[in-house]
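Welcome! Please take a moment to look over the sequence and the 3D structure below. A short tour follows.

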Amino acid sequence: MRARMAVAGFLGAVALPATAMDLTEAWNVYQNQGPTYLASVHERQAGQEFKELGKAGLLPNINATAYWKRVDGTSEQDDFRGRSVESDLEYDSKGAVVELRQPLFNKQRMAEYRQGNQRTLFSDAVFDAKTQESAVSLASRYFSVLLALETIDLAKVKLKNLEQQVMAAKRRFQLGDGTVIDVDQASARRDLAQAELIEAEDSLLVARRLLQELLGVLPDEMSTLRTEFPTPPLEPPTLQDWISDARANNPTIIARSRSLDIADEEVNRARAGHWPTLDFVAAYNDSESDSVSTQNQTNKYGSVGVEFRMPIFTGGATNAQVRQASANRELANDQLNSSREEVLSGTTREFRGVQSGEQRVRALEKAVVSSERAQDSARKGFQAGTSTNLDILNAEEQAFIARRDLLEAKLRYLLSRLRLAAAVGSLGEDDIQHANEYLGPSLSMHP
């Protein structure tokens, strides 16, 4: 599956790039040294062994036993007259046994073999799901850092403009052209802008730490969004097509289906406790003085045969295991249905998020242009006497909000596309690269 993003070959250490880190480089670093990703890799490696463990139960089992004993005591026997005669015992008893056992009929072992195959497939599906979730999580945290960095820059520009507005209001007041209300209004907006800057810096601190949690390290610079922001149409174009793909290919749904198959085989394994077993057994025995009655004797012999075992009464344990396994199977089926509904709801949400996100980006691009024009108009109107100081402050605030909302809308649009690809189980390197093409200019991680 495409979602298994080149597990092999990415497990060595990697140095951070000398230039600004973009999303593709962040993903490569994450695959190389991100502890969360490496944990999922090792979890999958462990899951691959379930198939071998299940197969082992159907293959021959060979065991060897060797022993050496020192016997020291007395033996009491009756002679021909009926009198008891004691004799000292002092000898070594040693021997070795090699036994081969091959199951011929064992329904429990067959169920365990099928379970092993299903558990391996389950581990593959879980890895696919975690890999795609990791890609989305990494992108989300990367974009959160960008949003915090850009918000700080916008907040600094806003604060600088308001500082100038406060100084201008004070000069006008001193010259008799302004009022104390103008000074107070500008000062209040400046103080609020200072608080917004502090909040943005706090957000950056948290966002950086969350990104470092995934990568293990932090770059000095990151690539931020380009000015150009194309929004190509979705392919396929309809929601029903995406829902069909999600129903068939979503790794979480596949993992739940595998879990249900495992639960089915567990019911079969429990019911097999009522069935007999038949084994082929071959053994070779080499012993010397292995009992009191065979002192100083050597026995060497081989045996070949079949062993039949039939459970008659187990105290009700087998029936209890069947009931327990059946309940767990129903649980697995309920979890599958629940996961399917969650995935389909998520697919619908992200599909709509991409469509409405495109519209929102275009609307906010216009809003930014309009707010900047309104900002200039307010300043010119103030000089001409047609606008008030409050009009300028409101225009400054509106321009700041429009720029910040546009940036957030762009990042949300990119994240919705990644989440939509993950919902249908197709999120891969090409999707990350496509999102990465929107990045370009560098931003310092320490503004």
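## Helix 1 and what covers it

In this report, contact means heavy atoms within 4.5 Å. The model you are looking at is predicted, and helix 1 makes a good starting point. What covers the buried residues of helix 1? The covering elements include helix 2 (35-47), helix 4 (107-175) and helix 5 (180-215), along with helix 10 (429-436) and strand 6 (439-444).

Helix 1 is mostly covered, with eight of its 11 residues buried. Those buried residues are Leu 23, Thr 24, Ala 26, Trp 27, Val 29, Tyr 30, Gln 31 and Asn 32. At the N-terminal end of helix 1, Asp 22 acts as a cap: one of its side-chain oxygens lies 3.3 Å from the backbone nitrogen of Thr 24.

## Aromatic rings

A pair of aromatic rings is described by the distance of the centres and the angle of the planes. Searching the whole structure turns up eight aromatic pairs. One of them joins Trp 27 and Tyr 30: the ring centres are 5.6 Å apart and the planes meet at 40°, so this pair is tilted. Trp 27 and Tyr 30 are three residues apart in helix 1 (residues 23-33), and are therefore separated by about one helical turn. Both residues are buried.

Another tilted pair is formed by Phe 105 and Trp 275, with 6.1 Å from centre to centre and 50° between the planes. This pair links distant parts of the chain, as its members are 170 residues apart. Phe 105 belongs to strand 2 (residues 84-105), while Trp 275 is in the loop between helix 7 (251-271) and strand 4 (277-288). Phe 105 has a relative accessible area of 35%, so it is partly exposed. Trp 275 is partly exposed too, at 43% relative accessibility.

## A cluster, and charges over rings

Which residues share an aromatic cluster with Trp 27 and Tyr 30? They are Tyr 37 and Phe 127. Phe 127 also has a charged visitor: the charged end of Arg 44 sits over its ring, 5.5 Å from the centre. Elsewhere, Lys 69 lies over the face of Tyr 67, at 5.4 Å from the ring centre.

## Ser 287 in strand 4

Tyr 67 appears again when we turn to Ser 287, a residue of strand 4. Is Ser 287 buried or exposed? Its relative accessibility is 2%, so Ser 287 counts as buried. Leaving aside neighbours within four places in sequence, Ser 287 is in contact with Tyr 67, Lys 94, Gly 95, Gln 297, Thr 298 and Asn 299. The side chains of Ser 287 and Asn 285 are joined by a polar contact of 3.4 Å.

## Two helix residues to compare

Thr 347 is in helix 8 (residues 317-384), and with 0% relative accessibility Thr 347 counts as buried. Not counting residues up to four places away in sequence, Thr 347 touches Leu 239, Trp 242, Ile 243, Ala 246, Leu 420 and Ala 423.

Arg 258, found in helix 7, counts as partly exposed at 26% relative accessibility. Beyond four places in sequence, Arg 258 touches Gln 118, Leu 121 and Phe 122. The C-alpha atoms of Arg 258 and Val 126 are separated by 9.8 Å, although these residues are 132 residues apart along the chain.

## A cis peptide bond

Most residues other than glycine have a negative phi, and most peptide bonds are trans. Which residues does a cis peptide bond join here? They are Glu 235 and Pro 236, with omega at about 5°. Pro 236 is placed in the loop between strand 3 (221-225) and helix 6 (239-249).

## An annotated region

The UniProt record, an unreviewed entry, carries the annotation "coiled-coil region" for residues 145-203. In the model, residues 145-203 are 93% helix and 0% strand, and the C-alpha atoms at the two ends are 8 Å apart.

## How confident is the prediction?

The protein chain averages a pLDDT of 88, and 93% of the residues score at least 70. Where are the lowest and highest confidence found? Strand 1 (residues 61-78) is lowest, at a mean of 84, and helix 7 is highest, at 96. Over residues 1-18, pLDDT stays under 50; for this stretch the model has 50 contacts beyond four places in sequence.

Terms used. Residues are numbered from 1 along each chain as its sequence is written. This is a predicted model: local features need pLDDT of at least 70, side-chain atom pairs count only at pLDDT 80 or more; totals for chains, interfaces and linings use all residues. Side-chain values use heavy atoms; hydrogens and water are left out. Rings of Phe, Tyr and Trp (its six-membered ring) pair if their centres lie within 6.5 Å; planes under 30 degrees apart count as stacked, over 60 as edge-to-face and the rest as tilted. Helices (H or I, at least four residues) and strands (E, at least two) are DSSP runs, numbered from the N terminus. Buried means under 20% relative accessible area, exposed over 50%, partly exposed in between (1.4 Å probe, protein chains only). A charge sits over a ring if NZ of Lys or CZ of Arg is within 6 Å of the ring centre and within 35 degrees of the ring normal. A polar contact is a pair of N or O atoms within 3.5 Å; within protein, one must be able to donate a hydrogen and the other to accept it, and residues adjacent in sequence count only if both atoms are side-chain atoms. UniProt positions are given in the numbering used here, feature names are shortened, and annotations may be inferred rather than shown by experiment. pLDDT is the predictor's confidence in each residue, from 0 to 100.
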